[in-house]
Amino acid sequence: MRRGFFITFEGGEGCGKSTHIGMLCEYLHKRGYDVLRTREPGGPALSEKIRELLLFAKEGLQMTPRTEILLFEAARSQHVSQTIIPALESGKIVISDRYADSTAAYQGAARSIAMGEVKMLNKFATGGLEADLTILLDIPEEEGLRRAATRDCGKTDRMGSQELNFYRDVRKAFLDMARENPERFEIVSSEGPKEQTFEKIVKAVEQRLLKNV
Ligand SMILES: Nc1ncnc2c1ncn2[C@@H]1O[C@H](COP(=O)(O)OP(=O)(O)O)[C@@H](O)[C@H]1O
Ligand SMILES: [Mg+2]
């Protein structure tokens, strides 16, 4: 039986996911919630190994889009069964830095894999587990890439090294999904100062958490 609450953060490079997940974990922890922070691709050791292949391995430079999506889904499947479901069953709030919507935006919209196939693979990997709340941090792609480059001192991983058009498609896909699923998504602009963004996130989380009790 599921008793916890599952929050995912989505959005392009440098939109502020890691920053705000850190702030939210601290905020919820202080209020007595049991929180598990995790990320995709990644989570359990096997999925973290697949992350290395996807983002950093030199062998990955020749990766086809179909191989890429299958590796993301393989990592996700293990993540869901080994990490996310057990934590939800023990009543935790699980917060994941990216989840299935990232595959729809990156491999579906930006890499042009048919959306029907992406949905089928997402469902296969997750067993149908969806987030209770998805925070989409939205920022113009140029600004997100600028923030990410400053953060990383110019070094970037494979998914962070695409053409600007790619990130434009990613941003549009996220916004389209959010508008199609308003009950699950909360779109939060990340353009202003961090405190302002965080305030909007807290409001969205508290509204949904209270509804869940
Ligand atoms: N609202 C903000 N204004 C300015 N800089 C920000 C803001 N939010 C995050 N940042 C900075 O932008 C960079 C990217 O944020 P990060 O949380 O790493 O993004 P992501 O995890 O989505 O790639 C970091 O250096 C972070 O400190
Ligand atoms: Mg991050």
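**Sheet, helices and ligand shell in a predicted model**

Phe198 lies in helix 8 of a structure that is a predicted model. With 18 other C-beta atoms within 10 Å, Phe198 is classed as partly exposed, because the buried class begins at 20 such atoms and the exposed class ends at 12. When residues up to four places away in sequence are left out, Phe198 touches His20 and Met23. Val188 is 10 residues away from Phe198 in sequence, and the C-alpha atoms of the two are 9.0 Å apart in space.

The strands of the model form an open sheet of five, in the order 2-3-1-4-5, and their pairing is parallel. The edges of this sheet are taken by strand 2 (35-39) and strand 5 (185-189), each of which has a single partner strand, so that one side of each is left without a neighbour in the sheet. From one strand to the next, the twist averages 20 degrees. Helix 1 packs on the sheet, where it touches strand 1, strand 2, strand 3 and strand 4, and the direction of helix 1 makes about 170 degrees with that of strand 3.

Strand 1 (residues 5-10) may be considered in further detail, beginning with its two partners. With strand 3 (residues 93-97), strand 1 pairs in the parallel sense over five bridges; within this pairing Phe5 stands opposite Ile93, while the bridge partner of Phe6 is Val94. With strand 4 (residues 133-138), strand 1 again pairs in the parallel sense, here over four bridges, and Ile7 stands opposite Leu133. Strand 1 is mostly covered, since six of its six residues are buried. In a regular strand the side chains alternate between the two faces of the sheet. In strand 1, Phe5, Ile7 and Phe9 point one way, whereas Phe6, Thr8 and Glu10 point the other way, and all of these residues are buried.

A packing of two helices was also examined. Two packed helices are described by the angle between their axes and the distance between the axes. For helix 3 (residues 65-89) and helix 5 (residues 115-126), the axes come within 8 Å and cross at roughly 30 degrees, which means that helix 3 is roughly parallel to helix 5, as angles under 35 degrees are counted in that class. On the side of helix 3, the contact is made by Ile69, Glu73, Arg76, Ser77 and Val80, and these meet Leu121, Phe124, Ala125 and Thr126 in helix 5. Sorted by class, the contact of helix 3 with helix 5 comprises five nonpolar, two polar and two charged residues.

The surroundings of ligand 1 complete the description. Of the 16 residues around ligand 1, those that come nearest are Lys17, Ser18, Thr19, Arg147 and Arg151. At least two residues of the shell are supplied by each of helix 1 (17-30), helix 6 (141-152) and helix 8 (194-212), and helix 6 gives the most, with four residues. By class, the shell around ligand 1 divides into three nonpolar, eight polar and five charged residues. Helix 1 thus appears in two settings, as it packs on the sheet and also supplies residues to the shell around ligand 1.

Key. Residues numbered from 1 in each chain as written. Chains lettered and ligands numbered in written order. Predicted model: local features only at pLDDT ≥ 70, side-chain atom pairs only at ≥ 80, totals over all residues. Axes fitted to C-alpha atoms, helices over the stretch in contact; angles between N-to-C directions. Parallel < 35°, antiparallel > 145°, perpendicular 65-115°, else oblique. Contact = placed C-beta atoms within 7 Å. Nonpolar A, V, L, I, M, F, W, Y, C, P; charged D, E, K, R; others polar. Near = placed C-beta within 6 Å. Pairing = 2+ DSSP bridges.
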